[in-house]
Amino acid sequence: MEYVSTRGTAPTLDFEGATLAGLASDGGLYVPREWPRFDAAEIAAMRGLPYAKLAARIMQPFVGESLTLDRLEALCETAYGRFSHDAVTPLVQLDGQNWLMELFHGPTLAFKDVALQLLGLLFEEFLARSDRNLTIVGATSGDTGSAAIDAVAGRAKVDIFMLHPKGRVSDVQRRQMTTVLAPNVHNLALEGASFDDCQAIVKRMFNDRAMTDRFAIGAVNSINWARLMAQVVYYFATALQLGAPDREVAFSVPTGNFGDVFAGYVAQQMGLPIARLIVATNVNDILYRALAFGDYSQGTVTATASPSMDIQVSSNFERLLFDLGGRDGLALSAQMAGFEATKAMQLTNAQREGAAGLFTSCRADADQMAHAIRWAWEHCGELIDPHTACALHAARVAGLDPAVPIVTLATAHAAKFPEAVERATGQRPGLPSRVGDLFEREERCVGLTGTYDAVAGFVAERATPKAG
Ligand SMILES: *Cc1c(COP(=O)(O)O)cnc(C)c1O
């Protein structure tokens, strides 16, 4: 399988190359040249496969020559063996139409483990083939950082530098990052910075020749294609349980960077019968405005109880626009340059009509989010987190055909956001025993001023140059 950039001019890469690259050199994102397809008989034959085997079957066409099927399956066994539930992404029924897909049974209690546990192994596998070192630089509002650090801590030939806005992540989220004491892990708390500031510093580093000449800078944010690929699997796993390929299923997805829901789009392109994808946002609603009115314009970020959705530029939306606009990289490049200059753009008619065929969008405000948490607790005995609650709200008001099951993606464990859950239900969710002594462990974190030079200087001093 070949990977092309959404902006049309960067060199094509194979899967190994796309996994180790961050942004494409033309500023675009890598996508497979075409979507592999499974027919109904092939999908039906996947019923009942254990998760790791199913994962290898679905991902194999994307991985191509970069790994044998046996090796891919072995990596999946290792990655998903670390989950606390045998089904990896178990399904829970809420009422006659609504279901929850629980994606938080990994080591750091959010769905990002599903992709990052595998990505950590892929990095190690590919780096072992040559004498290269990888320097991962990422920004986090909490969940990506902890999942990425857990996935690469102690691995050979990888250093990770994770930037977070000081004081703006929850205690659980911070401790999940700072209590990992492996020498290849560097937590940087940026003084006076927002998540967007951290993200801007990371993007600048990808384009800083002084850094990229010396270091191979890699990405763990969802601009990395391998993350999205791993997320396609659970759409298949769940739809198969609910009767696919003979029955259509809808999904409601709490959305920030459009990575998780784009994986659902990929599953549909691969032949999975998905009736609708509901794109749920909080009040940071750029995606809602884009999908409902064609207006993709950046507002200011409002802090909410669902911080991982507090995003005003949704990187992976570019991958959808590329596909819906006839995969014309040069046209998209011009469209994105306009957005970068003015912070606003209109979708083309082709993009709007293409999106309307599959996506519905809904935004949840603070009251609607809290109401959904309360409803899940009072009617179903389930404690859900604020991100999941935005999507459950969207699922319940979407007005879909009652015969179509709607699966809400439960993206984080309620105990990651105990205050909001307690406010809504009076119940304080407890941390699962697998993260038990988190509050007793020693923390290690470096405080820096939130400037590019401070961060680049720190990384340059400690990272291992690319050829070792
Ligand atoms: C990252 C995250 C999201 C948003 O996912 P995207 O792929 O960025 O759209 C939603 N919920 C939780 C809990 C997250 O950590």
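Start with helix 6, which is mostly covered: ten of its ten residues are buried. This is a predicted model, and helix 6 makes a handy way into it.

**Around helix 6**

The buried residues of helix 6 are Asp143, Thr144, Gly145, Ser146, Ala147, Ala148, Ile149, Asp150, Ala151 and Val152. What do they pack against? The partners are two helices, helix 5 and helix 7, along with strand 5 (134–139), strand 6 (158–165) and strand 7 (185–191).

Just after helix 6 comes Gly154, and its phi is positive, near 80°.

**Helix 6 meets helix 7**

Two packed helices are described by the angle between their axes and the distance between the axes. For helix 6 (residues 143–152) and helix 7 (residues 171–178), the axes come within 8 Å and cross at roughly 25°. That angle is why helix 6 counts as roughly parallel to helix 7. The crossing of the pair is left-handed.

Which residues make the contact? From helix 6 there are Asp143, Gly145, Ser146 and Ile149, and from helix 7 there are Gln173, Gln176 and Met177. Sorted by class, the contact of helix 6 with helix 7 has two nonpolar, four polar and one charged residues.

Let's look at one of the helix 7 residues on its own. Gln173 sits in helix 7. Is Gln173 buried or exposed? Gln173 is buried, because 25 other C-beta atoms lie within 10 Å. Setting aside neighbours within four places in sequence, Gln173 is in contact with Gly142, Asp143, Ser146 and Lys416. For a sense of scale, take Trp35: Gln173 and Trp35 are 138 residues apart along the chain, and their C-alpha atoms are separated by 35 Å.

**The lysine that UniProt lists**

Now for a residue that comes with a label. In an unreviewed entry, UniProt lists Lys112 for "modified residue: N6-(pyridoxal phosphate)lysine". In the model, Lys112 lies in helix 5 (residues 112–127). Lys112 counts as buried because 33 other C-beta atoms are within 10 Å. And what does Lys112 touch, leaving aside its neighbours within four places in sequence? The contacts are Asp143, Thr144 and Ala147, and these three are among the buried residues of helix 6. Asp143 turns up again here: it is in contact with Lys112, and it also takes part in the contact between helix 6 and helix 7.

**Two domains from the record**

UniProt also places domain features on this chain. One of them, from an unreviewed entry, is "domain: Threonine synthase N-terminal" at residues 2–80. Another, also from an unreviewed entry, is "domain: Tryptophan synthase beta chain-like PALP" at residues 87–326. Here is how the two spans look in the model.

| Span | Helix | Strand | End C-alpha atoms apart |
|---|---|---|---|
| Residues 2–80 | 46% | 8% | 26 Å |
| Residues 87–326 | 39% | 20% | 37 Å |

**Backbone oddities**

Most residues other than glycine have a negative phi, and most peptide bonds are trans. A few places here go the other way.

Lys157 has a positive phi of about 65° although it is not a glycine. Lys157 is found in the loop between helix 6 and strand 6. With 18 C-beta neighbours inside 10 Å, Lys157 counts as partly exposed.

Phe258 likewise has a positive phi of about 65°, and it isn't a glycine either. Phe258 belongs to the loop between strand 9 and helix 11 (259–269). Is Phe258 buried or exposed? Phe258 is buried, as 24 other C-beta atoms lie within 10 Å.

Then there's a cis peptide bond, running from Ala244 to Pro245, with omega near 5°. Pro245 is in the loop between helix 10 (225–241) and strand 9 (249–254).

**One more loop residue**

Finally, meet Ser315. Where does Ser315 lie? Ser315 is in the loop between strand 11 (295–297) and helix 13 (317–324). Ser315 is partly exposed, with 19 other C-beta atoms within 10 Å. Not counting residues up to four places away in sequence, Ser315 touches Ser222, Ile223 and Asn257. Ser84, by contrast, is 231 residues from Ser315 in sequence and 31 Å from Ser315 in space, C-alpha to C-alpha.

Note on methods
Residues are numbered from 1 along each chain as its sequence is written. This is a predicted model: local features need pLDDT of at least 70, side-chain atom pairs count only at pLDDT 80 or more; totals for chains, interfaces and linings use all residues. UniProt positions are given in the numbering used here, feature names are shortened, and annotations may be inferred rather than shown by experiment. Helices (H or I, at least four residues) and strands (E, at least two) are DSSP runs, numbered from the N terminus. Axes are lines fitted to C-alpha atoms, for helices over the stretch in contact, and angles run from 0 to 180 degrees between N-to-C directions. Angles under 35 degrees count as roughly parallel, over 145 as roughly antiparallel, 65 to 115 as roughly perpendicular and the rest as oblique. A crossing is left-handed if the near helix is turned anticlockwise from the far one by less than a right angle, and right-handed if clockwise. Two residues are in contact if their C-beta atoms, placed from the backbone, lie within 7 Å. Ala, Val, Leu, Ile, Met, Phe, Trp, Tyr, Cys and Pro count as nonpolar, Asp, Glu, Lys and Arg as charged, and the others, Gly among them, as polar. A residue is buried if 20 or more other C-beta atoms lie within 10 Å of its own, exposed if 12 or fewer, and partly exposed in between; C-beta atoms are placed from the backbone.
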